[in-house]
Amino acid sequence: MQVENFINGRFRAAQSGDTFVKLEPATGEALAAVAASSQSDVDSAVAAAKVAFETVWRRTSAAQRGLKLLHLADLLARDAETFVSVLSREQGRPEMEMRMMDLPMSVDTLRYFAGWADKLEGRTIPTAGSMGRATLNYTELEPVGVVAQIIPWNAPLMIGIWKLAPALAAGCTVVIKPSEDAPVALTHLMRLVAEAGIPEGVVNVVNGIGPTTGRALCTHPDVAKVSFTGSTEVGRAIARDMAGSFKPLTLELGGKAAQILLADADVPRAIDGLLLGLFANQGQTCAAGSRILVHASIANAVAAQLAAATDSIVVGRPQEAHVRMGALINARHRARVAEYIERGHQDGARLISGGRQVPDGGFFVCPTLFVHEDPNSTLAREEVFGPVGVVIPFEDESEAVRIANSTRYGLSTSLWTQDVGKAHRLAREIDVGSVAVNCWSPLDARLAWGGRRDSGTGFDLSRHAVMAHLQEKSITISL
């Protein structure tokens, strides 16, 4: 498979002709030869986006922009099974997850932001006038310009559309840099962008390695805004590179979510939610609920039931219908997760599930669960980004809140209780961007998604995302 750049409405190889190989996680075999872009490719993509912004897209009526997004949504729904297959192969995730989560939300996100396109209105502002004369004061919302969008490998289509849809609705043009570990689906999406009639140059894709292609894109002088989802370390590097430019920057970074079970939790219902929070996408999500905080009175029972449920998870090729966990994204990441499992043993954590044999030939890791009384252990503090969790008992609600907040991350938390008063009270005390009660971090285009502290700045999704691509201009007319 050849994965090329998409610039000014055309697929093209990197100008240097260089490529790199993307491996299929479930087999370890070559899946695609991917364009390895350099500064010249980035320059071409940004130039195309700038021309399209100035001459076409910002001048397209808001209603027409919305219709184009609706058309793109319809095309994606039409080709959903194609994308299920592509995503499963390039990510190593079970096809079931793509059908249940990524494809439906991608389509819904496009339709949601299509609806925003013609509802972005300015304001009229009464004042006392100027120099003795009455004035009419009003504002207009203007798109910021060319937006660089750096997409992660763990949900490339879904998160790519989280960023693409609000930018296009606002009237911006974009240059997308997919992760080198997941370039196939987003590049394939460009065929639908063209079919939807979105003008040439409005959406561009440059593939390549992060430190080369990504950095060239983020620091390009004609890029007006950068939106990045990925690791906290890379987010810091991007922020440093852009520090002197004063360009708006959205960063959606890491997480270390707690899933808190109070003594009155509906345990059977909670077990299903805990499993989803722990092991969806092989635990490779920023919202992975890898810290299971359980009231001491039910900790042993919850640990036993959760361990039994974890033992039942079938690990294997993601195309097989009975498989519920696939492979990690690459060999390097598999080794990193294995190191954390070993660190758990060294720190004195008690293994209650894990160590089963996994398929040969791919980057598989067995779902693994520990119990540890120390909330400051490595597994309780650091983001593993893999199928590894730790059960931590607590004595009372104040201790649960203290443990939940004792991390440098602040993205999301799940809370399990049948007491609505406790739910409201604790939700206010937990210092994160999103709290889910009796479920695991439900994602919806209408709900803002963003974190605090080392989980980033700014928001994807909701009206906040579209407003982040606009700037308000004040106009005063002396009457």
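## Accessibility and the Loop Residue Phe 246

A residue counts as exposed when its relative accessible area is over 50%, as buried when that area is under 20%, and as partly exposed in between. In this predicted model, Phe 246 has a relative accessible area of 76% and is therefore exposed. Phe 246 belongs to the loop that runs between helix H8 (232–242) and strand E11 (249–252). Its backbone is also notable in one respect: the phi angle of Phe 246 is near 65 degrees, a positive value in a residue other than glycine.

## Leu 461, a Buried Loop Residue

Another residue with a positive phi is Leu 461, where the angle is about 70 degrees although the residue is not a glycine. Leu 461 is placed in the loop between strand E21 (456–457) and helix H15 (462–467). Is Leu 461 buried or exposed? The relative accessible area of Leu 461 is 0%, and the limit for a buried residue is under 20%, so Leu 461 is classed as buried.

## Asn 8 and Its Surroundings

Asn 8 is found in the loop between strand E2 (5–7) and strand E3 (10–12). With a relative accessible area of 33%, Asn 8 is partly exposed, because this value falls between the limits of 20% and 50%.

Which residues does Asn 8 touch, leaving aside those up to four places away in sequence? The residues are Ala 48, Glu 200, Gly 201 and Asn 204. A further relation links Asn 8 to Val 51: the two are 43 residues apart in sequence, and their C-alpha atoms are 9.6 Å apart in space.

## Helices H3 and H4

Two packed helices are described by the angle between their axes and the distance between the axes. For helix H3 (residues 80–91) and helix H4 (residues 95–116), the axes come within 9 Å and cross at roughly 120 degrees. This angle makes H3 oblique to H4, because it lies outside the range of 65 to 115 degrees for a roughly perpendicular pair and is not over 145 degrees, as a roughly antiparallel pair would require. The crossing of H3 with H4 is right-handed.

On the H3 side, the contact is made by Ala 80, Glu 81, Phe 83, Val 84, Ser 85, Leu 87, Ser 88 and Gln 91. On the H4 side, Glu 95, Met 98, Arg 99 and Leu 103 take part. Sorted by class, the contact of H3 with H4 has six nonpolar, three polar and three charged residues.

## Helices H2 and H5

The axes of helix H2 (residues 62–78) and helix H5 (residues 156–170) come within 9 Å and cross at roughly 160 degrees. Since an angle over 145 degrees counts as roughly antiparallel, H2 is roughly antiparallel to H5. H2 passes H5 in a right-handed crossing.

Arg 65, Leu 69 and Leu 76 of H2 meet a group of residues in H5, namely Leu 157, Ile 161, Ala 165, Leu 168, Ala 169 and Ala 170. The contact of H2 with H5 has eight nonpolar residues, no polar residues and one charged residue.

## Cysteines

How many disulfides does the structure hold? The number is zero. For Cys 218, the closest cysteine sulfur is that of Cys 172, at 16 Å. A disulfide requires two cysteine sulfur atoms within 2.5 Å, so the sulfur of Cys 218 is too far away for a bond.

Cys 218 has a relative accessibility of 4% and counts as buried. Cys 366, at 7% relative accessibility, counts as buried as well.

Conventions: Residues are numbered from 1 along each chain as its sequence is written. This is a predicted model: local features need pLDDT of at least 70, side-chain atom pairs count only at pLDDT 80 or more; totals for chains, interfaces and linings use all residues. Side-chain values use heavy atoms; hydrogens and water are left out. Axes are lines fitted to C-alpha atoms, for helices over the stretch in contact, and angles run from 0 to 180 degrees between N-to-C directions. Helices (H or I, at least four residues) and strands (E, at least two) are DSSP runs, numbered from the N terminus. Angles under 35 degrees count as roughly parallel, over 145 as roughly antiparallel, 65 to 115 as roughly perpendicular and the rest as oblique. A crossing is left-handed if the near helix is turned anticlockwise from the far one by less than a right angle, and right-handed if clockwise. Contact means heavy atoms within 4.5 Å. Ala, Val, Leu, Ile, Met, Phe, Trp, Tyr, Cys and Pro count as nonpolar, Asp, Glu, Lys and Arg as charged, and the others, Gly among them, as polar. Buried means under 20% relative accessible area, exposed over 50%, partly exposed in between (1.4 Å probe, protein chains only).
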